[in-house]
Amino acid sequence: GDAASEIQPLRDKLAAHPNDLQVYQDLALALFASGENEDAMDALLASIRQDDNWQDGAAKKQLFEIFDALGHTHGAVVAARRKLSTYLFS
């Protein structure tokens, strides 16, 4: 409901301000609330790729919460963990 109606305006805002890491965070939360788990993780990963320490690692913390909610063996979580590793250790 509410989260779904927020998604497009947040995508538009992100397109206009691609360096605004708060928008990535807000979009990820709206996507996750709407059940768009992979897109939510992708938004957080994009934020982490820009600045993994923004707001004391807020995007990483949120990503780990999604991992916990979906379960560590969920296919999308395994893929996101692989991407996260690449971003942090390359």
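This is a friendly dialogue about reading the predicted model shown above.

Colleague: Where should I start: how many helices and strands are there in the chain?

Modeller: Start by listing the elements, and keep in mind that the model is predicted. The chain holds five helices and zero strands. Read from the N terminus on, the order is α-α-α-α-α.

Colleague: And how do I read the radius of gyration of the chain?

Modeller: Set the value beside what the globule rule gives for the length. Here the radius of gyration is 12 Å and the rule gives 12 Å for 90 residues, so the chain is as compact as a globular protein of that length. Along the principal axes, the C-alpha atoms fill a box of roughly 30 × 25 × 20 Å. Buried residues account for 37% of the 90 residues. You can also look at contacts across the sequence: among those between residues at least 6 apart, 48% join residues at least 24 apart.

Colleague: Let's take one helix. What span should helix α2 have, and how far apart are its end C-alpha atoms?

Modeller: The idea is to compare an expected span with the one in the model. Helix α2 covers residues 21–33, and at 1.5 Å a residue its 13 residues should span 18 Å; the end C-alpha atoms are 19 Å apart, which agrees.

Colleague: What do I find at the start of α2, and what follows the helix?

Modeller: At the start, a side-chain oxygen of D20 comes to within 3.1 Å of the backbone nitrogen of Q22. After α2 comes G35, with a positive phi near 85°.

Colleague: Which residues of α2 are buried, and what do they pack against?

Modeller: Buried residues in α2 are L21, V23, Y24, Q25, L27, A28, A30 and L31. They pack against α1 (2–16), α3 (37–50) and α4 (58–70).

Colleague: Which residues touch the most other members of the largest nonpolar core?

Modeller: That core has 27 residues, and L27, M41, L44, L63, F67 and L84 are the ones that touch the most other members. Two or more residues come from each of α1, α2, α3, α4 and α5 (75–89). The most come from α2, which gives seven residues. For a close look, follow L27: setting aside neighbours within four places in sequence, L27 is in contact with I7, L10, R11, L14 and A43.

Colleague: I7, L10 and L14 bring me to α1. Where does α1 bend?

Modeller: Helix α1 bends by about 25° at Q8, and the proline P9 follows within four residues. Its 15 residues reach 22 Å from first C-alpha to last, close to the 21 Å expected at 1.5 Å a residue. The buried residues of α1 are A3, I7, L10 and L14, and they pack against α2.

Colleague: Now single residues. Is Q62 buried or exposed?

Modeller: Compare the relative accessibility with the cut-offs: under 20% is buried, over 50% is exposed. Q62 lies in helix α4 and counts as buried because its relative accessibility is 14%. Beyond its neighbours within four places in sequence, Q62 is in contact with Q25, L29 and L44.

Colleague: And E38, buried or exposed?

Modeller: E38 belongs to helix α3. Its relative accessibility is 53%, so E38 counts as exposed.

Colleague: How far apart are E38 and K61, in sequence and in space?

Modeller: Sequence and space are two separate readings. E38 and K61 are 23 residues apart along the sequence, and their C-alpha atoms are 16 Å apart in space.

How values were computed:
Residues are numbered from 1 along each chain as its sequence is written. This is a predicted model: local features need pLDDT of at least 70, side-chain atom pairs count only at pLDDT 80 or more; totals for chains, interfaces and linings use all residues. Side-chain values use heavy atoms; hydrogens and water are left out. The expected span of a helix is 1.5 Å times one less than its number of residues. Buried means under 20% relative accessible area, exposed over 50%, partly exposed in between (1.4 Å probe, protein chains only). Contact means heavy atoms within 4.5 Å. A polar contact is a pair of N or O atoms within 3.5 Å; within protein, one must be able to donate a hydrogen and the other to accept it, and residues adjacent in sequence count only if both atoms are side-chain atoms. A nonpolar core is a set of buried Ala, Val, Leu, Ile, Met, Phe, Trp, Tyr and Cys residues joined through side-chain atoms within 4.5 Å. The bend at a residue is the angle between axes fitted to the seven residues ending there and the seven starting there. The radius of gyration is taken over C-alpha atoms; the globule rule is 2.2 Å times the number of residues to the power 0.38.
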